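Dear colleague,

I am passing on a structure for you to look over, and my notes on its pockets and its core follow below it. Please read them with the coordinates open.

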Amino acid sequence: MIGKIDFTDEQLLINLRELMNALSDRKPATLKGKYFIEAFIKSTMGPRWRIGLEDIDPKSTKSIWNLLELDE
């Protein structure tokens with residue numbers, strides 16, 4: 001879970017960024033190739049939406065984190 005219904009868009013993005021950083025930091029050194037294969041986001045009872053991995057991967061130069069100015 002990265003947020004609740006009353007979270008602002010900025011709060012949700014900050015939580016998503018922190019989740020992706022935490023997952024990326026835990027990649028085993030012995031693992032070769034892609035660490036993330038697919039990503040989806042959904043509400044508890046709603047449909048899911050596919051997220052482009054390059055958009056949210058903190059190690060990617062094409063990620064959205066370089067474009068956003070989020071308060072921490």
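The largest pocket (an open set of points on a 1 Å grid over the protein atoms alone, where a 1.4 Å probe fits, with protein on both sides within 12 Å along at least five of seven lines) has a volume of about 550 Å³, a volume being the space filled by probe spheres set on the points, which are joined across faces, edges and corners. This is a predicted model, in which local features need pLDDT of at least 70 and side-chain atom pairs count only at pLDDT 80 or more, while totals for chains, interfaces and linings use all residues. Residues are numbered from 1 along each chain as its sequence is written, and side-chain values use heavy atoms, with hydrogens and water left out.

Lining that pocket (an atom within 4 Å of a point) are 22 residues, and Met 1, Ile 2, Gly 3, Ile 41 and Lys 42 lie nearest its centre. By class, the lining has 16 nonpolar, three polar and three charged residues, with Gly counted as polar.

The second largest pocket has a volume of about 250 Å³, and its lining, which includes Lys 27, Tyr 35, Phe 36 and Asp 57, has three nonpolar, three polar and five charged residues.

Phe 36 also belongs to the largest nonpolar core, with Leu 16, Met 20, Ala 39, Ile 51, Ile 56 and Trp 65; such a core is a set of buried Ala, Val, Leu, Ile, Met, Phe, Trp, Tyr and Cys residues joined through side-chain atoms within 4.5 Å, buried meaning under 20% relative accessible area with a 1.4 Å probe, protein chains only. Leaving aside neighbours within four places in sequence, Ile 56 is in contact (heavy atoms within 4.5 Å) with Leu 16, Met 20, Ala 39, Ile 51 and Trp 65.

With best regards

Key. Buried < 20%, exposed > 50% of the residue type's maximum accessible area, 1.4 Å probe, protein only.
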